[in-house]
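Here is a friendly walk through one protein chain, from its overall make-up down to a few side-chain arrangements. Have the viewer open as you read.

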Amino acid sequence: MLRLSLGESGWHRLRQCTAFLRTLSEIGGLSTASGRAYHTSPTCRREKSKKSKKPSVRAPGFQPLPGSDMRYFGEENNKQAGSAMPRPSRGPANLPAFKPELVSAPLESDIDEAYARKARAERLERFLTNDEVFHRCACFGIDRNQFDTWSAKFVDAASKNKIERLKPANLLSVLARGGMETFDDFIVNQFFAYLAKEAPDVVKNTKFLREITDLRFPNEWSPDARKVQRRIIMHVGPTNSGKTHNALQRMRASKSGIYCSPLRLLAHEVYSRLLADGIPCVLITGEDRRMPDFAELGIEPSGYTVTGRPISKMVSCTVEMAPNVHCHVAVIDEIQMIADRSRGWAWTYALLNMRADEIHLCGEPSAVPLVKRICASLDEEVEVHEYSRLGKLEVSPDSLEGKWSNVQKGDCVVAFSRKDIFHIKSMIEEATGLRCAVIYGGLPPETRAEQARLFNDPDSGYDVLVASDAVGMGINLTINRVVFTTLSKWDGNMTRPISVSQTRQIGGRAGRHNSGVDGGKVTTLVASDIKNLDKAMGLQPHQLRVAGLKPPAEVIEVFSRQFPKVP
């Protein structure tokens, strides 16, 4: 809706608004990043900072990070510098040979306090010489002398661990989840917080703006939800542990329920299952709305609206489309997505605003401390049910050695772009004679369901699945072995390694319980990725420290009124 209603000046005001929203650590780790963290500003409309003419001022302890990519995050521009370094491709550079991609970001498994300390030094170095940061400050009356003075003091304090939020131990989650772009925005937010504390006169022009954009108490945005005595239950564990199944069983047994899915494919799967069992269900996604045929099901609606439309007992929706109605049981799947830099706000909104007697949250253990802190601010307690994996899972010591002929029946070959998926499908069918089903996020729900049915049916003739990372989000498939073609993907800005959480989720789809297989295996296409895969599968994701938060339209409107002449 924002993209349709905001003009060029509206986008500029929105960027200004979200860039100065306060971090919400006081209520248990909730945090607002800048507008870019929520992708509210199209890349093509972002202002490009000019190359600084100031001499480089090294931050204390600065050392270039191994593999850091200054083209994207530094002030230097390779084109201006005459660099011949090619831009990373959107997928495997050479599919037949399948050479590993050059990745300019570290593996999550390599992000520790030592790395965080080096990353902090590098980004603080950039902060001192970045004209875009100064331009933000100049918009609020901070002149060059003030900026130079206080930015140097800020960098010195941060380098000496005098700023709590910028201590290396507190940066692990930020670096692992959001990468360097999020980290840059995080540093700018901490700079303004530092000025508010140490030099209030310097930021006196932003005091009123900070007050009207104070998002520290989002629990106050939904008084209707606060009137409901809610019971919060978390189901946490690895993939194929039955956590979502148990939550859905509780929803099915209730008088009314809402299932919030991370994917429209998964929302459609739950919708189809409920209908198949004779339970009326409404499907709501960003592209599709479907009402059940009560006459065909032979069931009476649970009621009628004032316009005479029948009311269904159940709703299956994507989390962004969750309806604001009361229900007995709500299930919010993949709760760890609350920390996602582009979509996390939707999980936060659902958790804070869902009007349900019982709310079941399914996901990874890494989300438990954060959810508990958020719910404590609502005077609500959290019950935690822990699950263990049903069935064995192991990392195979042998890769496919780069040969498609080594693909076997029951394999799921994972790639991260639609072009690669169809290319790989063709090569596997040519090399092995096995027919391949295909699943990726852009498939229509009916087509996706048909492809899954063909792969799960041993007599269909489709013995191999080529899929995107969509298979990691709970879609039920009978997979014997997961094969990663690469451990990195294009994120819209650069090619970066997939996270530990993504690796474990996708790999964990092998060896589904009650599939007739003793256990599942995970491997890679090339031998050079085996070590990193084995390391990632053996790690637990970092505990989440922040949650996404989206400013309400009212806040953006009030803020924009303060800049009537901004173009």
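Let us start with two phenylalanines in this predicted model: F127 and F147 are both buried. Their ring centres lie 6.1 Å apart with the planes at 45°, so the pair counts as tilted, since that class covers angles from 30 to 60 degrees. F127 belongs to helix α5 (residues 113-129) and F147 to helix α7 (residues 144-159), so the pair ties together parts that are 20 residues apart in sequence.

F147 has a second partner, F191, and this pair is edge-to-face. It links distant parts of the chain, as F147 is in helix α7 and F191 in helix α8 (residues 168-198), 44 residues apart. F147 has a relative accessible area of 1%, which makes it buried, and F191 also counts as buried, at 1% relative accessibility.

The two pairs look like this:

| Pair | Centre to centre | Angle between planes | Class |
|---|---|---|---|
| F127 and F147 | 6.1 Å | 45° | tilted |
| F147 and F191 | 6.0 Å | 80° | edge-to-face |

The count for the model comes to 10 aromatic pairs. F127, F147 and F191 are members of one aromatic cluster, which also includes F134, W150, F154, F192 and Y194.

F134 leads us to helix α6 (residues 131-138), where V133, F134, R136 and C137 are buried. These four cover an arc of only 155° around the axis, which puts them on the same side of α6. In general, an α-helix has 3.6 residues a turn, so residues three or four places apart point the same way. The N-terminal end of α6 is capped by N130, with a side-chain oxygen 3.0 Å from the backbone nitrogen of E132. The ring of F134 also has a charge over it: the charged end of R144 sits 3.9 Å from the ring centre. Elsewhere, K550 lies over the face of W345, at 4.3 Å from the ring centre.

Which loop holds S460? S460 lies between α17 (445-456) and β14 (462-467). Its side chain reaches the backbone oxygen of D457 at 3.0 Å, and a polar atom of the S460 side chain lies 3.2 Å from the backbone nitrogen of Y462.

Now for the whole chain. There are 20 helices and 18 strands, and buried residues make up 54% of the 567 residues. Among contacts between residues at least 6 apart in sequence, 79% join residues at least 24 apart. The chain exposes about 26,000 Å², and carbon and sulfur atoms supply 50% of that area.

Note on methods. Residues numbered from 1 in each chain as written. Predicted model: local features only at pLDDT ≥ 70, side-chain atom pairs only at ≥ 80, totals over all residues. Heavy atoms only, no water. Buried < 20%, exposed > 50% of the residue type's maximum accessible area, 1.4 Å probe, protein only. Helix = DSSP H or I, 4+ residues; strand = E, 2+ residues; numbered from the N terminus. Arc of directions from axis to C-beta. Polar contact = N/O pair within 3.5 Å; in protein donor to acceptor, adjacent residues only side chain to side chain. Contact = heavy atoms within 4.5 Å. Areas by Shrake-Rupley, 256 points an atom, 1.4 Å probe, with all protein chains shown as cover. Phe/Tyr/Trp six-rings, centres within 6.5 Å; stacked < 30°, edge-to-face > 60°. Lys NZ or Arg CZ within 6 Å of the ring centre and 35° of its normal.
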